[in-house]
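Me: I have a model open and I want to learn how to read it. Can you take me through it feature by feature?

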Amino acid sequence: MSTFVPSGKNIDRKWYVVDANGQTLGRLATKAASILSGKLNPQYVPYIDMGDHVIVINADKVRLTGLKSQSKVYRRYTGFPGGLREESFTRLLARKPEKILEEAIKGMLPKTKLGRQMGTKLKVYRGDKHPHEAQRPVAMEVA
């Protein structure tokens, strides 16, 4: 009996739709990150991107528990002196809710070329419509 070693060619990637309506941000992000990285695939190896595509809809209806929605702050740096920009969770949720989920999910992926490749398979949308019906995505429950 020989061990099967995947080559990275002929990977059958599936498409999943995750509804973020009423879901907790962290629990949703961990589930999506494990699908993107391919950890749920029985042929998983850490050096090949075996993950599937994830479509997240209703990003504007994601929630946080406790008082985190009032205290959570998103920071980014412009690259210039004094260029630290801060934005609260509630303000970013109103302005660009897709960014909240993208940062949470991509932050759980490896910080390498492989991790950035995994992140390209993530699609996040504000409402309940998405342009990926041709891929016939499967709805997935987040427990």
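**Reading the model**

Reply: Start with a strand. Five of the five residues of β2 are buried, so β2 is largely enclosed by the rest of the structure. Keep in mind that this is a predicted model.

Me: Which residues of β2 point one way, and which the other way?

Reply: His53, Ile55 and Ile57 point one way, while Val54 and Val56 point the other way. Both sets are buried.

Me: In which sense do β1 and β2 pair, parallel or antiparallel?

Reply: Parallel. Strand β1 (residues 15–19) and β2 are joined over five bridges. To find the register, take one bridge: Tyr16 has Val54 of β2 as its partner.

Me: And in which sense do β3 and β4 pair, parallel or antiparallel?

Reply: Antiparallel, again over five bridges. Here Tyr77 stands opposite Leu84 in β4. The two strands make a hairpin, with six residues between them. Look at Gly79 in the turn: its phi is positive, about 105°.

Me: Now step back. How many helices and strands does the chain have?

Reply: Five helices and six strands. In sequence order the pattern reads β-α-β-α-β-β-α-α-α-β-β. The C-alpha trace spans about 60 × 35 × 30 Å along its principal axes. Of the 143 residues, 39% are buried. Then check the contacts between residues at least 6 apart in sequence: 70% of them join residues at least 24 apart.

Me: Let me try a helix. Which residues of α4 are buried?

Reply: In α4 (residues 97–106) they are Pro97, Glu98, Ile100, Leu101 and Ile105. These residues cover an arc of only 160° around the axis, which puts them on the same side of α4.

Me: What do the buried residues of α4 pack against?

Reply: Five elements. They are α1 (25–37), β2 (53–57), β3 (73–77), α3 (89–95) and β5 (122–124). So the enclosed strand β2 is one of the partners of α4.

Me: On to charges. How many salt bridges does a search of the whole structure find?

Reply: Four. Let us read some of them. Arg75 pairs with Glu86, and their closest N and O atoms are 2.8 Å apart. This salt bridge links distant parts of the chain, with Arg75 in strand β3 and Glu86 in strand β4 (residues 84–88), 11 residues apart.

Me: Are Arg75 and Glu86 buried or exposed?

Reply: Both are exposed. Compare the salt bridge between the side chains of Glu87 and Arg95, at 2.9 Å from N to O. Glu87 is buried, at 13% relative accessible area. Arg95 is partly exposed, at 47%.

Me: Which residue does Glu98 meet in a salt bridge?

Reply: Arg126, at 3.3 Å from N to O. Glu98 lies in helix α4 and Arg126 in the loop between β5 and β6 (138–140), so the pair ties together parts that are 28 residues apart in sequence. Glu98 is buried, with 15% relative accessible area. Arg126 is partly exposed, with 36%.

Me: What about rings? How do I describe an aromatic pair?

Reply: Use the distance of the centres and the angle of the planes. In this structure the count of aromatic pairs is zero. A ring can still have a charge over its face. Lys72 lies over the face of Tyr74, at 5.2 Å from the ring centre.

Me: Last topic: loops. Where is Asp52 placed?

Reply: In the loop between α1 and β2. A loop residue is worth checking for burial. Asp52 has 11% relative accessibility, so Asp52 counts as buried.

Me: Which residues is Asp52 in contact with, leaving aside neighbours within four places in sequence?

Reply: Asp12, Arg13, Lys14, Tyr16, Ile35, Leu36 and Lys121. Follow Arg13, in the segment before β1. Arg13 is partly exposed, at 28% relative accessibility. Residues up to four places away in sequence aside, Arg13 touches Asp49, Met50, Gly51, Asp52, His53 and Lys121. Lys121 is thus in contact with Asp52 and with Arg13.

Me: And how do I compare sequence distance with distance in space?

Reply: Put the two values side by side. Asp52 and Ala33 are 19 residues apart in sequence and 10.0 Å apart in space, C-alpha to C-alpha. For Arg13 and Arg76 the values are 63 residues and 33 Å.

Terms used
Residues numbered from 1 in each chain as written. Predicted model: local features only at pLDDT ≥ 70, side-chain atom pairs only at ≥ 80, totals over all residues. Heavy atoms only, no water. Buried < 20%, exposed > 50% of the residue type's maximum accessible area, 1.4 Å probe, protein only. Helix = DSSP H or I, 4+ residues; strand = E, 2+ residues; numbered from the N terminus. Arc of directions from axis to C-beta. Contact = heavy atoms within 4.5 Å. Phe/Tyr/Trp six-rings, centres within 6.5 Å; stacked < 30°, edge-to-face > 60°. Lys NZ or Arg CZ within 6 Å of the ring centre and 35° of its normal. Pairing = 2+ DSSP bridges.
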